[in-house]
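Reader: Hi! Could you walk me through the empty spaces in this protein and what surrounds the ligand?
Author: Happy to, let's look at it together.

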Amino acid sequence: MTESALPWQNRVSLQYGTFIDDLRLYIRGGTGGMGYPRLGGEGGRGGDVYFVAQERTTLKSVKNRYPQKRIVAGTGANSSVRALKGEKGKDCEVHVPPGISILDDDGKQIGEVNAAGERFLAARGGLGGSLATNFLPSKGQKRILHLDLKLIADVGLVGFPNAGKSSLLSKISHAKPEIANYAFTTIQPQLGKIMYADYKQILVADLPGLIEGAHANKGMGHKFLKHVERTKHLLLVVDISGFQLSTKTRFRTAFETILLLTKELEQYKEELLTKPALLAINKMDLPCAKDNLNELMKQLLNPQDSLHLLQEEVIPENTLKFRDIIPISTYTGEGIEELKACVRKSLDEEAEQKNAEYRKKKLLLLQTSEQKHRG
Ligand SMILES: Nc1nc2c(ncn2[C@@H]2O[C@H](COP(=O)(O)OP(=O)(O)OP(=O)(O)O)[C@@H](O)[C@H]2O)c(=O)[nH]1
Ligand SMILES: [Mg+2]
């Protein structure tokens, strides 16, 4: 495939370069202070390094603050005649955006900070010198860590490129994402808020389009599938007229795109299919839309009848169960209010269910502790 055939490929790497969602850092706790042999004094402990989640921070600002990507906490004070017990070295608090996974250099997750104010101890300072160590201080803990940003949104828009995800976000929120008639217009996640009349707000993430093979990191694969992991609900957006990435790839009907999206999610992480999901069928203003919709609804109701007609490569092991299926057009506004109501209903139901579970658990705990008391 020549580059000119896919001009967006160049755009992607160029523009993607300014957005950081993964940062590798060298972290070291402070060295302890020297002990004082003659008087038995103990040096101060080295400072610790913490990651602290804070709103309105980005990984880019972390990088700007520490251009060397080295973060070292303060050294503990030496023990002296005036202060036999040396003071602790200064802690270093690195402000990071909420929704960060912390990984070690092998890619294993060792922690996360999700809400503003949450802290993670990234490296401990070394102990000060004391009698036990011949008054020699220890070095602080040293590690290479990755900060991995995941978006936390109530609803994530999931679909193939050009399905109209960004158009939908701009219709239901004040966000102004870029919209264009080519694949991969959106190259970084965008957030928008749906505001309801009773002031309830729902955060929606517009994600870049997925393509076949995204689970194997094709396209922008993993960078974006990981954002899907953190959204509470999925809103699949499909183009009723189907999808074709380029003349070299196969045309996929709307039904096939739903299966393929399911398969990508499933192959990346099976649990993604357990998230509550809604389906928006977009571009209902197109002339072929009504007929295609009838066909699609039949296929969705009785998938078994049509699966044998399809190639195996598009068929997932499991299916997504949609709480609602809403035909929409971001051009005419058809179905948009209904979609907003369905999103709201789905999130409210989920919250109610979580509350009920919580109440049940609490009751159970109370009962067991009462029984213990009596016993
Ligand atoms: N006919 C019709 N076209 C639409 C509708 N909604 C969006 N489009 C068009 O579809 C194209 C793609 O829209 P986008 O909103 O950029 O699609 P996207 O899903 O965000 O695409 P990526 O960011 O590339 O993944 C644009 O040309 C839109 O004008 C619709 O309801 N009807
Ligand atoms: Mg887009």
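Author: First, a term we need: a cavity here is a set of grid points where a 1.4 Å probe fits but cannot get out. Also keep in mind that this is a predicted model.

Reader: Good. So how many cavities of 30 Å³ or more does a search of the whole structure find?
Author: The search turns up one.

Reader: How much space lies in that largest cavity?
Author: About 40 Å³.

Reader: And which residues line the largest cavity?
Author: The lining is made of L157, V158, G159, K165, L207, P208, L210, F224 and V228. Strand β9 (155–158) and helix α4 (221–230) are the elements that give two or more residues to this lining.

Reader: What's the split between nonpolar, polar and charged in the lining of the largest cavity?
Author: Seven of the lining residues are nonpolar, one is polar and one is charged.

Reader: Thanks! Switching to the ligand: where does ligand 1 sit?
Author: Ligand 1 is in the second largest pocket, whose volume is about 340 Å³. That pocket is lined by 24 residues, and N162, G164, S167, A180 and K283 are the closest to its centre.

Reader: Which helix gives the largest share of the lining of that second largest pocket?
Author: That's α3 (residues 165–172), with three residues. Helix α3 also gives the most to the shell around ligand 1, again three residues.

Reader: What is the pocket lining like in character, nonpolar, polar or charged?
Author: The lining of the second largest pocket has ten nonpolar, ten polar and four charged residues. For the shell around ligand 1, the division is nine nonpolar, eleven polar and three charged.

Reader: Nice. Which residues come nearest to ligand 1?
Author: There are 23 residues around ligand 1, and K165, S167, D285, T330 and Y331 come nearest. You met K165 earlier, in the lining of the largest cavity.

Reader: What about backbone atoms: how far is N162 from an oxygen atom of ligand 1?
Author: A backbone N or O atom of N162 is 2.9 Å from a ligand oxygen. For G164, a backbone N or O atom is also 2.9 Å from an oxygen of ligand 1, and for A180 the distance is 3.2 Å.

Reader: And how much of ligand 1 does the protein bury?
Author: Taken alone, ligand 1 exposes 650 Å², and the protein buries 93% of that.

Definitions and conventions: Residues numbered from 1 in each chain as written. Chains lettered and ligands numbered in written order. Predicted model: local features only at pLDDT ≥ 70, side-chain atom pairs only at ≥ 80, totals over all residues. Heavy atoms only, no water. 1 Å grid on protein atoms, 1.4 Å probe; cavity = no way out; pocket = protein on both sides within 12 Å on 5 of 7 lines; lining within 4 Å. Points joined across faces, edges and corners; volume = space filled by probe spheres on them. Helix = DSSP H or I, 4+ residues; strand = E, 2+ residues; numbered from the N terminus. Nonpolar A, V, L, I, M, F, W, Y, C, P; charged D, E, K, R; others polar. Near = heavy atom within 4 Å. Polar contact = N/O pair within 3.5 Å; in protein donor to acceptor, adjacent residues only side chain to side chain. Areas by Shrake-Rupley, 256 points an atom, 1.4 Å probe, with all protein chains shown as cover. Sits in = over half its atoms within 2 Å of the grid points.
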